[in-house]
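Me: Please show me the chain and its fold, and then let me ask how each label is justified by a value and a cut-off.

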Amino acid sequence: MRRLVRAGAALAGLALAVGALTAAPAGAADRTAAPQAAADQAYSASTGVGVHNAYEKSKFPYLADALDSGAAMLELDVWTNFFGSSWRVSHSNPFGNDNNCENATSPGQLRTKSRNQNLAGCLSDLRAWHDGHPGHRPVLIKMELKDGFASNLSRGPAQLDALLTAKLGDALYRPAELAAGYPTLDAAVQARGWPARSALAGKFVIELIPGTVEQDNPNDTLWTDREYAQYLRDLATAGRLGQAGVFPAVLRAAAGDPRTRYADASIRPWFVVFDGDANAYVTGTADAAWYDQRHYLLVMTDAAGVAPAIDGTRPTEAQALDRVNLLARGHASIVSADWYPLPRVLSTVVPRG
């Protein structure tokens, strides 16, 4: 039952080289890409580092600080239920906003305004930062819909796309751009992979996953991943794929092709982003090479928990970089952790595989 409420190329290459690259520790230095080589790599052939729940003020005073960290991925938690009047951004408060977003409308306003803004305010900060950093590295924005879409409250896939378009505009890399010339996202990436990092300079890529509250709601039988994939398929059928602004992700590692969990085979080719616990890939529960061979993006979460476990927030820089290199060899596209105090680690980009 559907729920009513759910609880320039050179400049670009230079910018990527300056903002995204760093030397690895001894023993891993051979995996650090040269600046121009990294810029020329396909996005799906590189590995970057992400920050879990980067909107939290305890991690970064302002979202602009998270963007300045050099991280390849930043995560936002979003609520849609009827307890509030908009898309809210917080970890555990479903009623309001608790975050480091300030709704800046220009680069000069960053770090000057009141925080605890809604999703529109967070997206405005992304655009303001983008305008102040032309040719910035591609940044994956991982969006967890804590309680799922609420289309009956005008918070469904179409409304999310409209908001992303209004706030990010040409800074948004869209599914239609990846699929161009091919019938589905899967056909496109298997044929030619993702664009070069230099081609994605100045772009945000939006990943969308089901939320923890949604997953625990027995009355919710249409999770975020499936709902948005259906929407993508239907837009493509109608010749309107250009409206879409989001890449839905298959959540949780699984043996084989995890898209087989979707009974409706017609939505499976619309998933080219996957997201799961790093330990499951490292221990062989899921074959991470399968994703790399098909040019799919693979976000590995809880990187610190892979044996031998290291500190989840403040490992030594060498420990964190060694873990990044380990998971890069293990075919991660993004290594996700809470290593916000380590900017040199966050700005690391190495070859994948």
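Me: Which residues form one aromatic cluster, and what makes two rings a pair?

Reply: The cluster consists of F274, Y281, W290, Y291 and Y296. Rings of Phe, Tyr and Trp (its six-membered ring) pair if their centres lie within 6.5 Å, and the planes then give the label: under 30 degrees apart is stacked, over 60 is edge-to-face and the rest is tilted. The model is predicted, with local features needing pLDDT of at least 70 and side-chain atom pairs pLDDT 80 or more, while totals for chains, interfaces and linings use all residues. Numbering starts from 1 along each chain as its sequence is written, and side-chain values use heavy atoms, with hydrogens and water left out.

Me: How many aromatic pairs does the structure hold, and why is the pair of Y173 and W194 called tilted?

Reply: There are 17 aromatic pairs in the structure. For Y173 and W194 the centre-to-centre distance is 6.2 Å and the angle between the planes is 40°; because that angle is neither under 30 nor over 60 degrees, the pair is tilted. Y173 is placed in the loop between α5 (157–168) and α6 (175–179), and W194 in the loop between α7 (185–192) and β5 (204–210), so that the pair links distant parts of the chain, 21 residues apart. The elements named here are DSSP runs numbered from the N terminus, helices being H or I with at least four residues and strands E with at least two. Y173 and W194 are both buried.

Me: What makes the pair of Y173 and F247 stacked, and how do you know that Y173 and F247 are buried?

Reply: The ring centres of Y173 and F247 are 6.2 Å apart and the planes stand at 15°, so the pair is stacked. F247 belongs to strand β6 (residues 247–251) while Y173 is in the loop between α5 and α6, so the contact ties together parts 74 residues apart in sequence. Burial is read from relative accessible area (buried under 20%, exposed over 50%, partly exposed in between, with a 1.4 Å probe and protein chains only). Y173 has 5% and F247 has 1%, so both count as buried.

Me: What joins N81 and D147, and why does N81 count as buried?

Reply: Their side chains are joined by a polar contact of 2.7 Å. The term requires a pair of N or O atoms within 3.5 Å; within protein, one must be able to donate a hydrogen and the other to accept it, and residues adjacent in sequence count only if both atoms are side-chain atoms. N81, which is found in the loop between β2 (73–79) and β3 (88–89), counts as buried because its relative accessibility is 1%.

Me: How do you know that the charged end of R115 sits over the ring of Y62?

Reply: The charged end of R115 is 5.3 Å from the centre of the Y62 ring. The label asks for NZ of Lys or CZ of Arg within 6 Å of the ring centre and within 35 degrees of the ring normal.

Me: What is noted about the backbone at N116, S154 and P308?

Reply: Most residues other than glycine have a negative phi, and most peptide bonds are trans. N116, found in the loop between β3 and α4 (119–132), has a positive phi near 65°, and N116 is partly exposed because its relative accessibility is 35%. S154, in the loop between β4 (139–145) and α5, has a positive phi near 60°, and its relative accessible area of 49% makes S154 partly exposed. The peptide bond from A307 to P308 is cis, with omega near -5°, and P308 has its place in the loop between β8 (297–301) and α12 (317–329).

Me: What makes a space a cavity or a pocket, and which residues line the largest cavity?

Reply: On a 1 Å grid over the protein atoms alone, a cavity is a set of points where a 1.4 Å probe fits but cannot get out, whereas a pocket is an open set with protein on both sides within 12 Å along at least five of seven lines; lining residues have an atom within 4 Å of a point. The largest cavity is lined by Y43, S46, T47, G48, A72, P138, R197, L297, S333 and I334, with strand β1 (residues 46–51) giving the largest share, three residues. Its volume is about 50 Å³, and that of the largest pocket is about 410 Å³, each volume being the space filled by probe spheres set on the points, with grid points joined across faces, edges and corners. Of the 25 residues lining the largest pocket, H52, E75, K142, T301 and D302 lie nearest its centre, and β7 (273–277) supplies the largest share of that lining, three residues.
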